[in-house]
Amino acid sequence: MRLTPHSFGSRGDDTSTPTSGPAEGSALREPASVLLVDDRPEDLLALSNMLTHPEYRLVMARSGAEALRRVLDTDFAVILLDVMMPGMDGFEVATMIKSRDRSRDTPILFLTAAHQDVSSIYRAYSVGAVDYLTKPVDEAVARAKVGIFVELFRKDQRIQEQALALREADRRERELQLAEVRLLSEKRYRSLVEMIPAAVWTAYPDGSVNYCNHRWHEFTGLRLDGARGRGWLGAVHPDDTERVAAEWSSAISRNETYASELRLLRTDGTSRWHLCHIIPEMDHHHRGRVRGWLGMFADCEELKRAVEARDEFLSIASHELRTPLSTLLLNLDSLKRQLSPTSTDERARRKLESALRQTLRMEKLVNSLLDVARIAAGRLELELEESNLTEIVRQCVDRLSEQAMSAGSPMGMHASRDARDIVGRWDRMRIEQVVTNLLSNAIKYGDGKPIEVSMEVEGDQAVVRVRDYGIGIAPEHLDRIFDRFERAVSSRNYSGLGMGLYITRQIIEAHGGAIAVESEVGQGSVFSVHLPIGEVQAISA
Ligand code: ADP
């Protein structure tokens, strides 16, 4: 019940909470609650008359139990508590009030009769009273004491409100700082993307483009509106569009990086080759989920032209070299025939043999160059015919056994029972080239240790393994050695151009097969060739 006259104008039953406004204002708005506890109605009335004040809200309780109920739902500035009450007396009520966390610090003023002895005052203090008033209560004293506690209560409230406001200001400040950092990193990232010499876009997880950098606009003439969604594919050369669209869709569905070469159309209608790299941005909070895509298109037209020019030069040079080389070989051969067997000029014969060997070596190199040029131009053609793989391998081993022996590497061959005659449709000459390359490498890098060649059938595949116990290959080079002109040794120690394994792999893959290597530095290497046997085997079986 509210006894306070509403002398503060319209404030009335304002329900706004103290935390929602400035500390000073809200403290004034809410009257301070004061609890008066006495079992005698006339005493209660007298007290309430004395204490009526626009800033107080007086709450009255006629018993200890009622007082406790009031304390449950209100924070009082002060409690005036009669000691002598039927049922629960003032001491018990005070003890209970003090045992509750929320009301522990609420000051209690005891009301004692003048005739009560000093011990009850001591007892009042011991259960937590801060002061006492003797009945009959002196109005001036009562108002002064209650006034002090209300004032204290107000101050306490203001401190709490200020602390709250400070915490709120702190939180806002932190939020502002965070927003600033975010903005800064976003700006930085944008300027980086604008600076790099490549066309860049970003896309949503479903692959639809949501940002393009300046260079992209400049080159393709497509603004974000045009590139949005799958619109960017409109800037891809018509001959590449279908392939790129299909590959890009499959990359999205598998959350995989997409790398490819494609032609981008320029505003003037010409096109230039670009290396396209699109990577998924993974979501750190949800494993396996993509947050977006980053696409980058780097102009590689010049590089592509240079590579094409090199390949063309290689092709022309090796063709041009072949013609005089063939004539030279023929002439040296006929010279050798004319000299032997009647000639007694031993020095001339040795020189001629050396000239022949060197010319043959040169022919091999030129042939390899020609092969590389053919592969680059996509013109490696196979002449498939029914061939006996086991026989081809055995012949190669026989042909090279003398060379192997003089390098200190005896060659052994073993074919498992089912591999005694493996027949399939292969290009006999090319398979011979493969086996010769592998055996020559085993001799060259075999460190004068034995070489083992084995043949097996695994499922529908023929497997040829060439094992040496030589210098081996470091793990970081294993992938590289099958690429064009790649080597894992220095040319000071071992001559070579790094074409053999490249050609070997191309030939094997053209046959639908595969080549693999296992190696350990200083322990040796095993090269294994897998070739599908196919239908011919089934017919001859
Ligand atoms: P080349 O022998 O002319 O360098 P290849 O393409 O045949 O070219 O081989 C590429 C590289 O692979 C070689 O330079 C060598 O480093 C490494 N390599 C090939 N075969 C072996 C082998 N049997 N043992 C160790 N290294 C090898």
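R465 and E458 meet in a salt bridge in which the closest N and O atoms are 3.4 Å apart, and this pair offers a convenient place to enter the structure, which is a predicted model. R465 counts as partly exposed because its relative accessible area is 22%, a value just above the 20% under which a residue would be called buried. E458, with a relative accessible area of 34%, is likewise partly exposed. Elsewhere, salt bridges that share partners join D38, R40, E42, D43, D82 and K135 into one network.

Within that network, D82 deserves a separate look. D82 lies in strand β3, which covers residues 78-82, and a polar contact of 3.4 Å joins its side chain to that of K135. Because its relative accessible area is 4%, D82 is classed as buried, whereas R465 is partly exposed at 22%.

The strands that follow one another later in the chain supply a further pair. E452 forms a salt bridge with R467, and the closest N and O atoms of the two are 3.9 Å apart, a distance that still falls within the 4 Å required for a salt bridge. E452 belongs to strand β14 (residues 451-458) and R467 to strand β15 (residues 461-468), so the pair ties together parts that are 15 residues apart in sequence. Both partners keep some accessible surface: E452 is partly exposed because its relative accessible area is 37%, and R467 is partly exposed because its value is 35%.

Helix α6, which spans residues 139-195, brings a pairing between residues that sit at a shorter spacing in sequence. The side chains of R143 and E139 meet in a salt bridge, with an N to O distance of 3.4 Å. Because R143 and E139 are four residues apart in helix α6, about one helical turn separates them. R143 is partly exposed, with a relative accessible area of 38%, and E139 is partly exposed as well, with a relative accessible area of 40%. In general, side chains of opposite charge can pair when their charged atoms come close. Across the whole structure there are 41 salt bridges, and the pairs described here are among them.

Helix α6 also holds V181, which counts as exposed because its relative accessibility is 54%, over the 50% that this class requires. V181 and I108 are separated by 73 residues in sequence and by 52 Å in space, taken from C-alpha to C-alpha.

Another part of the surface is nonpolar. V118, Y122 and Y125 form a nonpolar patch there, and together these residues have about 340 Å² of accessible area. Y125 is found in helix α5, which runs over residues 118-126, and it counts as partly exposed because its relative accessibility is 38%.

From the surface the description can turn to the ligand and the residues that surround it. There are 20 residues around the ligand, and of these N441, Y445, R487, A488 and L501 come nearest. Several polar side chains approach the ligand atoms. An N or O atom in the side chain of R487 is 2.5 Å from an oxygen atom of the ligand, while a polar side-chain atom of K444 lies 3.1 Å from a ligand oxygen. S525 faces a nitrogen instead, with a polar side-chain atom 3.5 Å from a nitrogen atom of the ligand. Taken alone, the ligand exposes 530 Å², and the protein buries 97% of that area. The elements that give two or more residues to the shell around the ligand are α13 (428-444), α14 (500-510) and β17 (524-532).

The cysteines complete this account. A search of the whole structure finds zero disulfides. C300 is in no disulfide, and the nearest cysteine sulfur, that of C276, is 10 Å away, whereas a disulfide calls for two sulfur atoms within 2.5 Å. C300 counts as buried because its relative accessibility is 7%, and C396 is buried too, because its relative accessible area is 0%.

Notes: Residues are numbered from 1 along each chain as its sequence is written. This is a predicted model: local features need pLDDT of at least 70, side-chain atom pairs count only at pLDDT 80 or more; totals for chains, interfaces and linings use all residues. Side-chain values use heavy atoms; hydrogens and water are left out. Patches are made of residues with over 30% relative accessible area and no salt bridge: like charges are joined within 9 Å, nonpolar side chains (Val, Leu, Ile, Met, Phe, Trp, Tyr) within 5 Å. Accessible areas come from the Shrake-Rupley method with a 1.4 Å probe; for residues, only the protein chains shown count as cover. Buried means under 20% relative accessible area, exposed over 50%, partly exposed in between (1.4 Å probe, protein chains only). A residue is near a molecule or strand if one of its heavy atoms lies within 4 Å of it. A polar contact is a pair of N or O atoms within 3.5 Å; within protein, one must be able to donate a hydrogen and the other to accept it, and residues adjacent in sequence count only if both atoms are side-chain atoms.
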